[in-house]
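Pull up the model and turn it slowly as you read. We will go from strands to helices, and then to a pocket.

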Amino acid sequence: MRVYIIGAGPGDPKLITLRGAELIARCPVVLYTGSLVPREVVAMADPSATVLDSSGMTLDQILEVIVSARDAGHDVARVHTGDPALFGSTAEQMRRMEELSIPYEIVPGVSSFSAAAAALGRELTLPELSQTVILTRAEGRTPMPEREKLADLATHRATLCLFLSITLMRDVVEALIPSYGPDCPVAVVHKASCPDQKIVRGTLADIREKVREAGIKTQSMILVGHVLTSTDFANSKLYDPEFSHRFRRAVRSPS
């Protein structure tokens with residue numbers, strides 16, 4: 001018996017991995033986060049499987065389902081949205097399973113920040129402009145650790161991807177403007193990869209008002225940084241004809 005913690009991806013059911021889909025189809029118990037996992041993903045379960053929505057469960061109730069499956073010798077597909085390693089509240093489940101000696105395995109998924117970048121048609125790391133992506137959130141009911149406040153992270157001026165922060169736009173803008181400047185590009189991608197996806201583009205100076213006008217209040221990724229609009233960035237060394245690497249020798253230009 002094993003619990004498979006599966007990332008279902010950002011919304012488009014076709015973005016789940018083959019491994020994740022295969023496990024959902026064969027596990028006798030499927031426990032999914034019903035608030036966000038697409039119905040098409042849940043429908044991959046075998047008709048004979050026990051399929052349960054965990055959106056109304058507590059951690060103890062989730063463990064009760066897993067322990068019952070363990071006692072029956074049944075594998076469990078524990079299905080989360082996005083990637084289970086990012087803001088998935090999976091660590092507390094894994095800790096409890098370790099205490100109970102229940103084996104588990106993580107099956108990664110496509111994160112919403114990747115899907116948002118794809119929706120925008122942008123690379124988040126550009127040579128000599130930004131080589132760092134910070135995945136974080138604004139401080140709300142969940143307190144941020146010391147030195148991880150948004151204003152502190154902003155001093156790096158790296159590309160920022162903000163999860164779970166769309167209702168905190170005022171705080172986001174106030175924390176970022178001192179380091180990024182009011183003209184820094186911002187994009188909000190609501191329900192990335194879903195049929196009702198929305199994209200709002202702006203700057204730190206006007207994004208809050210644009211988001212309000214668009215009526216966006218949930219399920220959104222906020223991306224911040226000059227990589228969102230830059231066109232004059234340097235080329236990478238990877239395809240530079242004068243740069244050697246493992247698979248290609250440099251060709252010197254005639255002087």
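In this predicted model, one open sheet has five strands in the order E6-E7-E10-E8-E9, and their pairing is mixed. Its edges are strand E6 (133–137) and strand E9 (198–203), each of which pairs on one side only. If you look from one strand to its neighbour in this sheet, the turn between them is 20° on average, with direction ignored.

Let's start at the E6 edge. Strand E6 runs parallel to strand E7 (residues 159–163), and five bridges join the two. To find your place in E7, look for leucine 162, which has threonine 136 standing opposite. Helix H5 (residues 112–120) packs on this sheet and touches E6, E7, strand E8 (185–190), E9 and strand E10 (220–224). The direction of H5 makes about 65° with that of E10.

Now move to helix H8 (residues 207–214). This helix lies across E8 and E9, and it runs at about 155° to E9. H8 is also a good guide to the second largest pocket, since three of the lining residues come from this helix, the largest share. Which residues line the second largest pocket? They are Ile166, Thr167, Met169, Arg208, Val211, Arg212, Gly215, Ile216 and Lys217. Sorted by class, the lining has four nonpolar, two polar and three charged residues. The space in this pocket comes to about 150 Å³.

From here, turn to another sheet. This one is also open and has five strands, in the order E3-E2-E4-E1-E5, with parallel pairing. Why is one side of E3 and of E5 left without a neighbour in the sheet? Strand E3 (50–53) and strand E5 (104–107) stand at the edges and have a single partner strand each, so one side of each stays unpaired in the sheet. Neighbouring strands here are turned by 20° against each other on average, direction ignored.

Within this sheet, strand E2 (residues 29–32) and strand E4 (residues 76–80) run parallel and are joined by four bridges. Arginine 78 in E4 is a handy marker, with leucine 31 standing opposite. As a general point, strands of a sheet pair through backbone hydrogen bonds, in either a parallel or an antiparallel way.

Two helices are worth tracing against these strands. Helix H3 (residues 59–72) lies across E1, E2, E3 and E4, at about 165° to E2. Helix H1 (residues 18–26) lies across strand E1 (3–7), E2, E4 and E5, and runs at about 135° to E1.

Stay with H1 for one last detail. Arginine 19 and glutamate 22 both lie in this helix, three residues apart, which is about one turn of the helix. Their side chains meet in a salt bridge, with 3.8 Å from N to O. Across the whole structure, a search finds 10 salt bridges.

Key:
Residues are numbered from 1 along each chain as its sequence is written. This is a predicted model: local features need pLDDT of at least 70, side-chain atom pairs count only at pLDDT 80 or more; totals for chains, interfaces and linings use all residues. Side-chain values use heavy atoms; hydrogens and water are left out. On a 1 Å grid over the protein atoms alone, a cavity is a set of points where a 1.4 Å probe fits but cannot get out, and a pocket is an open set with protein on both sides within 12 Å along at least five of seven lines; lining residues have an atom within 4 Å of a point. Grid points are joined across faces, edges and corners, and a volume is the space filled by probe spheres set on the points. Ala, Val, Leu, Ile, Met, Phe, Trp, Tyr, Cys and Pro count as nonpolar, Asp, Glu, Lys and Arg as charged, and the others, Gly among them, as polar. Two strands pair if DSSP finds at least two bridges between them. Axes are lines fitted to C-alpha atoms, for helices over the stretch in contact, and angles run from 0 to 180 degrees between N-to-C directions. Contact means heavy atoms within 4.5 Å. A salt bridge is a side-chain nitrogen of Lys or Arg within 4 Å of a carboxyl oxygen of Asp or Glu.
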